[in-house]
Amino acid sequence: MKLIKWTSLVCVPLVFGCVAATALPSSPPACEIRASNTAAGLMLESVVYGAPGTFGSYSFSLEKSGPAGTSSVSQGGDYEIGPEGEAVVSVTEVNRGAKDRYSALLTVEDGAGYHRCSF
């Protein structure tokens, strides 16, 4: 009987060690704001990178200023990383003038932390 009790006490740390090892957090999500010229102006794609199946939330803000004034766009929501390791969470297209300036910020968050990208 003593041998069984001793053996069960030895196995307890091993079981908890395995649980702790699987519960370790992964790295925070990565992001990118892709910019490309279009016939109408400028297209911005907000992209989140991570392990497939990872989910979280994002917020995206864009401000455009120029001779015609200032305008802003804000978007946000949830995402899930696809099998290829990325998720395009928003696509925004704006017209472009010669003196226009743009400022964009993408913040992504999941259980492991958060990351910010700017343009």
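User: What makes S1, S2 and S5 one open sheet, and in which order do the strands stand?
Analyst: In this predicted model, 3 strands form an open sheet in the order S1-S2-S5, with antiparallel pairing. Strands are DSSP runs of E, at least two residues long, numbered from the N terminus. Two strands pair if DSSP finds at least two bridges between them. S1 and strand S2 (residues 41-49) have 8 bridges, so they pair by that rule. One of the bridges joins Arg34 to Glu45 in S2.

User: Which residues does the numbering start from, and what pLDDT do local features need?
Analyst: Residues are numbered from 1 along each chain as its sequence is written. The model is predicted: local features need pLDDT of at least 70, side-chain atom pairs count only at pLDDT 80 or more, totals for chains, interfaces and linings use all residues, and side-chain values use heavy atoms, without hydrogens and water.

User: How do you know that S3 and S6 pair?
Analyst: 9 bridges join strand S3 (residues 55-66) to strand S6 (residues 101-110), and the two run antiparallel. The rule asks for at least two bridges, so S3 and S6 pair. In S6, Arg101 is the bridge partner of Ser65. Both strands belong to an open sheet of 4 strands in the order S4-S3-S6-S7.

User: Why is Phe60 called buried?
Analyst: Phe60 is in strand S3. Buried means under 20% relative accessible area (exposed is over 50%, partly exposed in between; 1.4 Å probe, protein chains only). Phe60 has 1% relative accessibility, so it counts as buried.

User: What does Phe60 touch?
Analyst: Not counting residues up to four places away in sequence, Phe60 touches residues including Ile33, Leu44, Val73 and Leu106. Contact means heavy atoms within 4.5 Å.
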